[in-house]
Amino acid sequence: AAAAAAAELQRQAQQPPQQAVASHPPETASHPPAASNASVGRAAYRLTRELIRSRCNAHNIILVTFVNFQRCDYGLTWSGHVVRLGLSNYLVGAMDGKALELLASKKVPTFDMESGLTTADYGWGTKNFRKLGLRKCELILSLLSAGADPIVTDADALITRDPTPFVMRLRPEAQVLVTSDHLMATDDAAAESLELPKRASSSAWNIGYFYLHHSALPAIAHWKRMCEEHPDLWDQNLFKDVFKIGRLRFETSGADAIPQAEVDKRLFRGYNGTVTIGILPVATFCGGHTYFVQRMPQRRGVVPYSVHTTFQYSGAVGKTHRLREAMLWADDAAYFDPPGRSFLTYVPVVRRELLRPAGVMGVAAHFEVVHHQLVQLRAAFLLAARLGRLLIVPPLTCGLDRFWAPHNGTIPGSDTRLPVEPCPLDHVLDLENGISKHALPDSRLARDP
C-alpha cells in the first residue's frame, strides 16, 4: 500500500495541472457531501474532531479557509478551484450565520466559526482585522489538536494545484512550510524546491498560506498566547516572532547543527531548535507581486500551487479584478450577459518608442507611456457613455512598478522587468472607488466573448 501511495504521488507530481476555472462548478458537480440546509441548526455545523478527521486525505492533510458573508464569493471561488482539482479534503469556515447558510446551500463543506466580527470587509489593520487573527489561531489549534496536518489559507489565496505531492517530498522532516513576501526566487528553475533558508527567511513570512504538521502544536499554542497578550499587534508578525525564539538555526556543523536530511531539503529550525521550517518557493506559491507583476510562473512555464492577491492597491475590488484578469475568478453566467447592456471594446495603441525609450525608463518616461494610454481610455469612456454601452477596460502597460515606499522604479529586492506589461489596473486606476458607471474593468469579456 505504501509503495502504491508513493507511485501515485509521483504520478501527480509529473502530471500537468488542469487549467484554471473561469466559473464556479455547477450544482451538478461532484461535491463532497455537506449538510443540506443551515436551518437544521448551527449545532450541526460545529467543527468537531470527527468532521476534521473525515476531511483529511490519506496523508492526513486538510485544506482550510474561512469567509464572512461579505466575502462568500471568495469562498466559492476558492472551493471551485479545489473541486476542479478533484480534491475532497477541504473545509470552508463560515464566520457568521448568513455565510453558513449560503455556503451550505451551495453544497460547500462548511463549519460554523461564528466570530462576532463584522459581516462586511475587515479592513487591513483595523480592530476587526486584529481580532480575526486570534480566531485564525483558535481554528488552527482545533485542527492540530484533532491530529490533522492542515494547509490553512486566506480566502484570497487560491489553491490552483494539489499541494500534497509537494508537501510529501518534504516529510517527515518538515513541520512548518510558509509562504513569503520575498520577491527574488532562490529555488530551482521548476520551483519544486524550497527557497534558500538564509536568504528567504529574512523577508516577511506570509501566513495567508501555510502548512503545519500536528507536532508543531506547542509552538502554535504559544503563538495564540502572544496574540491574546498583544491584541494590537499583527498575528503574522507574532507568528514569526514565536519561531525566532532561541534564534533561527541554519548551522550544518557545531553544537546547534541540524541534521543533513533537513539541510538537503532546505529546511531550518526555529522555536529553540524544536521545529523544522521551510520557506515555500515564491515562483509557485505566489504572492500578488510574483504572479501579477513579475509573472514568475508564467515566465518559467510552470503552473503555481497557489495565487495570493497581496501587493495590490484597490482593496477587495482590486483583488477580484486581478483574479478575473488571470481567469482565476468564478462568476455566474449572468455576469457575462448583463440585461439591457452591450459592450464596447478597443485595443490600446502604445508607440514602441514610449515602451523602449532611449536610455533608462525613468519617471518622465513612465508618465508619458501611461498618459498616452489614459488619453485613449478617456475617449473610450466618452464614446461608451454616448452609445449607452459598457466599456471593457483593456490591460495597460506601465513604465515603472508601484510600491508604498520610495523606490527607483522597481521594488527593492525584486526581479521586476520593465516595462510592466500587462500592468495591473490598480497600479493606475482607483478601482475601489469606481472608475465609471460606463466601464467594466474585466478584459476577459473582450478576450473570450
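**View 1. Strands β6 and β7 in the predicted model run antiparallel and are joined by five bridges.** In this predicted model, the pairing of β6 (176-180) with β7 (205-212) can be followed residue by residue, since Leu-177 has Tyr-211 as its bridge partner in β7, and Val-178 stands opposite Phe-210 in that strand. Five of the five residues of β6 are buried, so β6 is largely enclosed by the rest of the structure. β7 is likewise mostly covered, with eight of its eight residues buried. Strands of a sheet pair through backbone hydrogen bonds, either parallel or antiparallel.

**View 2. Strands β9 and β4 are further partners, β9 of β6 and β4 of β7.** Strand β9, which comprises residues 275-279, pairs with β6 in the parallel sense over three bridges, and within this pairing Val-176 stands opposite Ile-277 of β9. Strand β4, which comprises residues 149-153, is joined to β7 by three bridges, and these two strands run antiparallel. Tyr-211 of β7 is the bridge partner of Ile-151 and is also the bridge partner of Leu-177.

**View 3. An open sheet of three strands has the order β5-β11-β10, with mixed pairing.** The strands β5 (157-159) and β10 stand at the edges, each with a single partner strand, so that one side of each is left without a neighbour in the sheet. β5 and β11 run antiparallel and are joined by three bridges, and Ile-159 stands opposite Ser-306 in β11.

**View 4. The largest cavity has a volume of about 60 Å³.** The count comes to three cavities of 30 Å³ or more in this model, and this view shows the largest of them. Its lining includes Ala-157, together with Thr-179, Ser-180 and Asp-181, and with Asn-206 and Tyr-209; further along the chain, the lining is made up of Phe-285, Cys-286 and Gly-287, followed by Ser-306, His-308 and Thr-310. At least two lining residues are supplied by each of β6 (176-180), β7 (205-212), β10 (285-286) and β11 (306-308). By residue class, the lining divides into four nonpolar, seven polar and one charged. Ser-306, which is one of the lining residues, is also the residue of β11 that stands opposite Ile-159.

**View 5. Thr-416 is found in the loop between β14 (396-398) and β15 (420-423).** Thr-416 has a relative accessibility of 13%, and because buried means under 20%, this loop residue counts as buried. The side chain of Thr-416 makes a polar contact with the side chain of Ser-414, at 3.0 Å. When residues up to four places away in sequence are not counted, Thr-416 touches His-289, Val-293 and Gln-294, as well as Asp-401 and Thr-410.

**View 6. The whole chain, shown as context for the close-ups, has 16 helices and 16 strands.** Of the 449 residues of the chain, 52% count as buried. Among contacts between residues at least 6 apart in sequence, 72% join residues at least 24 apart. One pairing shown above, that of β6 (residues 176-180) with β9 (residues 275-279), brings Val-176 opposite Ile-277.

Note on methods: Residues are numbered from 1 along each chain as its sequence is written. This is a predicted model: local features need pLDDT of at least 70, side-chain atom pairs count only at pLDDT 80 or more; totals for chains, interfaces and linings use all residues. Side-chain values use heavy atoms; hydrogens and water are left out. On a 1 Å grid over the protein atoms alone, a cavity is a set of points where a 1.4 Å probe fits but cannot get out, and a pocket is an open set with protein on both sides within 12 Å along at least five of seven lines; lining residues have an atom within 4 Å of a point. Grid points are joined across faces, edges and corners, and a volume is the space filled by probe spheres set on the points. Helices (H or I, at least four residues) and strands (E, at least two) are DSSP runs, numbered from the N terminus. Ala, Val, Leu, Ile, Met, Phe, Trp, Tyr, Cys and Pro count as nonpolar, Asp, Glu, Lys and Arg as charged, and the others, Gly among them, as polar. Buried means under 20% relative accessible area, exposed over 50%, partly exposed in between (1.4 Å probe, protein chains only). A polar contact is a pair of N or O atoms within 3.5 Å; within protein, one must be able to donate a hydrogen and the other to accept it, and residues adjacent in sequence count only if both atoms are side-chain atoms. Contact means heavy atoms within 4.5 Å. Two strands pair if DSSP finds at least two bridges between them.
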